[in-house]
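This report goes through a single protein chain, element by element. Please have the sequence and the coordinates open while reading.

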Amino acid sequence: NDSLPSSQPTPSFIDAVKPQTLSASAIESYAICPRRYAYSYIYGFEPDKAAYQLFWQATQKTFEALQTMLADAKSEGEKAEGTENGETPSQPRLLTRLEAQDLYTEHWRAMGGDEFPFAGIYEEHGREVIDLIWGKLAGSKDTKWELRQGFNVEIAGKTVRVDVDRVEASTQVGR
């Protein structure tokens, strides 16, 4: 009666390893391919995501730098309005589109992103993303941006975690 072990996880194994809170990406993975879900979320096998992670980190660092520059420029602009004696303080400025894209490239290369396969594609896409973000930042004078917020949503008695890269909200609530 020597039988081969089953290739399917047992219910007790699944109960032991399943997360208490599902992520939106886990649900999406299951909808696309239940086997991929099992490999990633039950067995814990992870594909090499190093290049994507660096792309994401370089994009976030660049976005944070642009957001800081914009906040500084707004703050200095408000101070300049209250300046007496006709003084003209030097004001920080938001980078140009090209400068913002170059800042992304600096972050990307400083983290070693240019050493990965398909690095050129990631870098070019990162520059495109930063161009879009730059346009949003430059045109959103009354928008507050919150980075990397997470929300728990209850669905059918289960908690689903949804992580959001960016949330935009008007700073003029009630107007």
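## An exposed residue with positive phi

Ala-156 is exposed, because its relative accessibility of 79% is above the 50% cut-off for that class. The model is a predicted one. Ala-156 sits in the loop between β2 and β3, the latter covering residues 158-170. Its backbone has a positive phi of about 50°, although Ala-156 is not a glycine. Most residues other than glycine have a negative phi.

Phe-118 is another non-glycine residue with a positive phi, here about 65°. Phe-118 belongs to the loop between α5 and α6. With a relative accessible area of 62%, Phe-118 is classed as exposed.

## Overall make-up of the chain

The chain contains 6 helices and 3 strands. In sequence order the elements follow the pattern α-β-α-α-α-α-α-β-β. Of its 175 residues, 24% are counted as buried.

## A nonpolar patch on strand β2

Which residues form a nonpolar patch on the surface? They are Phe-151, Val-153 and Ile-155, and together they have about 250 Å² of accessible area. Ile-155 is placed in strand β2, which runs over residues 143-155. The relative accessible area of Ile-155 is 48%, so this residue is partly exposed; the exposed class needs a value over 50%.

## How α5 and α6 pack

Two packed helices are described by the angle between their axes and the distance between the axes. Helix α5 spans residues 97-110 and helix α6 spans residues 119-139. Their axes come within 9 Å and cross at roughly 140°. The two helices are therefore oblique to each other, because an angle has to be over 145 degrees to count as roughly antiparallel. The crossing of α5 past α6 is right-handed.

## Salt bridges between α5 and α6

Side chains of opposite charge can pair when their charged atoms come close. How many salt bridges does the count come to? The count is 4, and three of the pairs are described here: Asp-131 with Arg-97, Arg-127 with Asp-102, and Glu-123 with Arg-109.

In the pair of Asp-131 and Arg-97, the N to O distance is 2.7 Å. Asp-131 is in helix α6 and Arg-97 in helix α5, so the bridge ties together parts of the chain that are 34 residues apart in sequence. Both partners are partly exposed: Asp-131 has a relative accessibility of 23% and Arg-97 one of 37%.

Arg-127 and Asp-102 form a salt bridge whose closest N and O atoms are 3.1 Å apart. This pair also links distant parts of the chain, with Arg-127 in helix α6 and Asp-102 in helix α5, 25 residues apart. Is Arg-127 buried or exposed? Arg-127 is buried, since its relative accessible area is 16% and the limit for buried is under 20%. Asp-102, at 34%, counts as partly exposed.

The side chains of Glu-123 and Arg-109 meet at an N to O distance of 3.0 Å. Glu-123 lies in helix α6 and Arg-109 in helix α5, with their positions 14 residues apart in the sequence numbering. Glu-123 is buried, at 12% relative accessibility. Its partner Arg-109 is partly exposed, with a relative accessible area of 47%.

## Further contacts of the two helices

Glu-128 is part of helix α6 and is partly exposed, with a relative accessible area of 41%. What separates Glu-128 from Gln-101 in sequence and in space? The two are 27 residues apart in sequence, and their C-alpha atoms are 7.8 Å apart.

Glu-106 is located in helix α5. With a relative accessible area of 53%, Glu-106 counts as exposed. The C-alpha atoms of Glu-106 and Thr-62 are separated by 9.2 Å, and the two residues are 44 residues apart along the chain.

Conventions: Residues numbered from 1 in each chain as written. Predicted model: local features only at pLDDT ≥ 70, side-chain atom pairs only at ≥ 80, totals over all residues. Heavy atoms only, no water. Patch = residues over 30% accessible without salt bridge, like charges linked within 9 Å, V, L, I, M, F, W, Y side chains within 5 Å. Areas by Shrake-Rupley, 256 points an atom, 1.4 Å probe, with all protein chains shown as cover. Helix = DSSP H or I, 4+ residues; strand = E, 2+ residues; numbered from the N terminus. Buried < 20%, exposed > 50% of the residue type's maximum accessible area, 1.4 Å probe, protein only. Axes fitted to C-alpha atoms, helices over the stretch in contact; angles between N-to-C directions. Parallel < 35°, antiparallel > 145°, perpendicular 65-115°, else oblique. Left-handed = near helix turned anticlockwise from the far one by under 90°.
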